[in-house]
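Visitor: Can you walk me through this one? I'd like to start with how the chains meet.
Guide: Here it is.

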Amino acid sequence: MLSVNYGNFLRKSETAKAAYEFKRPVYQFIANTVCVFCLAGAVTSGLALAYAYMATPKPVYSQELYGKAQSLNNNLSRGAALMKQGRPRGVNAYEIINKFANARPADVTLTDIVISPEQYTVKGFTPNQDSVNAYISALDFGKGKKAGVASISNNKGTNEFTIIVHVDEQKAAAKSSPQPKGSGK
Amino acid sequence: MSIVIILGNNKVSCVSLTVKDKTVNILEADSRHFDDLSSFLSSADGVKSLLSSCFGGDLKAAAEHKIYFAFTAGSGLAYKTWQAAASSFSDVSDKTFADKEDRILSLCIENVPQGFTDLYKDCVASVVSCYEDDEVYTVTSAYLPGLYINNIKEACETLGLTLFGISDIASSFCKFINCSEQQVLVRANGLTVIVNQFGSLAFMMNGDYSDSIGDIIFNMIEHYYPINNSRMNSQTVSSSDLEPFLVVPFNGLSRYNCEMSVIAAGCVVDSKMLAESNETVKSNPDKGGSKNSVIGKLRKLFEKK
């Protein structure tokens with residue numbers, strides 16, 4: 001095929017131009033439609049954004065309640081800090097509670113913890129008696145502190161138990177006090 | 001809708017048609033006589049008055065349609081079949097389609113028929129058909145006075161009409177006549193066109209067709225194209241009885257002049273569409289989808305796998 005406009009006295013460029021001119025209103029219409037669509041979209045989005053910005057509700061709260069909640073939060077924080085630092089009669093209550101809580105098997109529920117320099121008492125219940133044994137095995141407070149079951153009773157399928165950790169004060173004191181160098185020789 | 005204005009021997013026909021689903025629908029056709037048509041075509045104002053006469057003064061309505069012009073015998077049209085070396089049709093310096101087009105059309109102008117330039121100062125050429133051999137190309141080209149073309153363009157531009165093409169009778173016959181089995185010799189008023197699978201030949205004739213003229217024509221065909229025993233392998237048909245030879249169906253052909261309808265359709269219908277419809281018939285008669293169509297390409301892809 002030769003590169004000519006077969007059977008036409010007009011050049012290829014002239015027929016292409018005529019075709020473009022003929023379809024130009026259609027192209028214009030499409031272009032205008034797209035422009036209007038984009039413009040309308042932009043305006044609508046702008047209005048929606050503006051509305052969202054203007055219509056955002058401002059938080060309403062009572063200044064008095066806010067002050068109370070803040071002071072409560074401060075007290076709690078202070079209390080927690082004091083509890084971490086406090087050593088009444090040489091007992092680190094925070095660490096003991098932490099050990100009781102961490103050693104606890106999943107099905108054991110603790111109801112009461114009493115801490116004194118002589119002994120630590122923990123009460124709780126569990127549906128599985130083996131969990132009490134597991135709990136005792138897991139409780140490791142170091143030398144001079146032995147855990148044992150003080151009582152266990154079965155009440156309608158629930159095993160209520162009391163565990164007491166006896167503190168041998170001398171051994172505990174020996175462990176906690178630093179050993180002088182060369183003392184073993 | 002497309003409107004084709006066919007300019008003949010002091011006769012102007014106006015055909016409106018549409019092409020849909022590879023079928024040509026002739027909607028309306030009307031002819032009128034113009035004394036000294038060449039004087040109308042010799043000025044832009046003359047073409048304007050010719051156009052307003054064709055459209056009954058309603059040029060606004062015409063501006064919404066595609067406008068085509070077609071020239072037939074007796075309107076200043078000339079044909080020539082010529083040969084040139086294949087190498088002369090292209091050059092490495094030709095970068096764009098327009099460059100290649102310029103080179104080919106200047107070759108056509110170099111081969112303008114004798115006497116044509118004596119009548120008209122400048123001429124415009126178009127390629128009707130081209131048979132490409134390994135070494136030599138055989139080209140049939142049509143020629144029109146440049147003045148007519150310029151005036152038509154100017155008039156259309158002034159009136160706001162979209163001019164889609166200016167064509168000729170032989171090009172339309174080449175497009176629409178099915179010559180896959182044998183060559184067809186079409187006898188029209190003042191013109192004989194031979195269409196075969198390789199290309200075409202067109203002869204302007206003042207007198208009637210005779211056997212001696214036929215001998216000359218068939219000898220020329222055998223000279224230009226690789227066809228032996230040309231007369232035996234051809235069928236002669238009048239331009240008013242073309243219907244059995246058309247490659248696409250026409251609606252409304254019985255109501256209107258067949259020659260006029262085919263010329264008009266030849267201007268409007270794209271060659272690609274005709275090639276596709278030919279391929280569909282030849283290669284895939286029952287499957288549908290020509291080789292170049294999307295469906296055809298997909299089918300080819302799946303057939304490979």
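Guide: Helix 1 (residues 12-55) of chain A lies across strand 4 (66-71) and strand 8 of chain B, and runs at about 145° to strand 8 of chain B. Helices here are DSSP runs of H or I with at least four residues, strands are runs of E with at least two, and both are numbered from the N terminus. Axes are lines fitted to C-alpha atoms, for helices over the stretch in contact, and angles run from 0 to 180 degrees between N-to-C directions.

Visitor: What kind of model is it, and how is the numbering done?
Guide: This is a predicted model, where local features need pLDDT of at least 70 and side-chain atom pairs count only at pLDDT 80 or more, while totals for chains, interfaces and linings use all residues. Residues are numbered from 1 along each chain as its sequence is written, and chains are lettered from A and ligands numbered from 1 in the order in which they are written.

Visitor: How many residues does each chain put into the contact?
Guide: Chain A gives 15 residues and chain B gives 26 residues. Two residues are in contact if their C-beta atoms, placed from the backbone, lie within 7 Å.

Visitor: And by class, what is on the chain A side?
Guide: The side of chain A that touches chain B has seven nonpolar, five polar and three charged residues. Ala, Val, Leu, Ile, Met, Phe, Trp, Tyr, Cys and Pro count as nonpolar, Asp, Glu, Lys and Arg as charged, and the others, Gly among them, as polar.

Visitor: What does chain A consist of?
Guide: Chain A has five helices and four strands, in the order α-α-α-β-β-α-β-β-α from the N terminus. Of its 185 residues, 11% count as buried, that is, with 20 or more other C-beta atoms within 10 Å of their own; 12 or fewer is exposed, in between is partly exposed, and C-beta atoms are placed from the backbone.

Visitor: Over to chain B. Which sheet includes strand 8?
Guide: An open sheet of six strands in the order 8-4-1-2-3-13, with mixed pairing. Its edge strands are strand 8 (162-168) and strand 13 (250-251) of chain B, each pairing on one side only. Two strands pair if DSSP finds at least two bridges between them.

Visitor: How many bridges between strand 2 and strand 3 there?
Guide: Ten, in the antiparallel sense, between strand 2 (residues 11-20) and strand 3 (residues 23-33) of chain B. B:Lys11 has B:His33 as its bridge partner.

Visitor: Which helix of chain B lies across strand 13?
Guide: Helix 9 of chain B, which also lies across strands 1, 2, 3, 4 and 8 of chain B and runs at about 60° to strand 2 of chain B. Helix 7 (residues 169-176) and helix 9 (residues 258-268) of chain B have axes that come within 8 Å and cross at roughly 80°. That makes the two helices roughly perpendicular, the class for 65 to 115 degrees; under 35 is roughly parallel, over 145 roughly antiparallel and the rest oblique.

Visitor: And the 5-7-6 sheet, how is it paired?
Guide: It is an open, antiparallel sheet of three strands in chain B. Nine bridges join strand 6 of chain B to strand 7 (residues 136-145) of chain B, and B:Ser129 stands opposite B:Thr140. Helix 6 of chain B packs on the sheet, touching strand 6 and strand 7 of chain B.

Visitor: Is B:Glu154 in that helix exposed, partly exposed or buried?
Guide: B:Glu154, in helix 6 (residues 146-159) of chain B, counts as partly exposed because it has 15 C-beta neighbours inside 10 Å.
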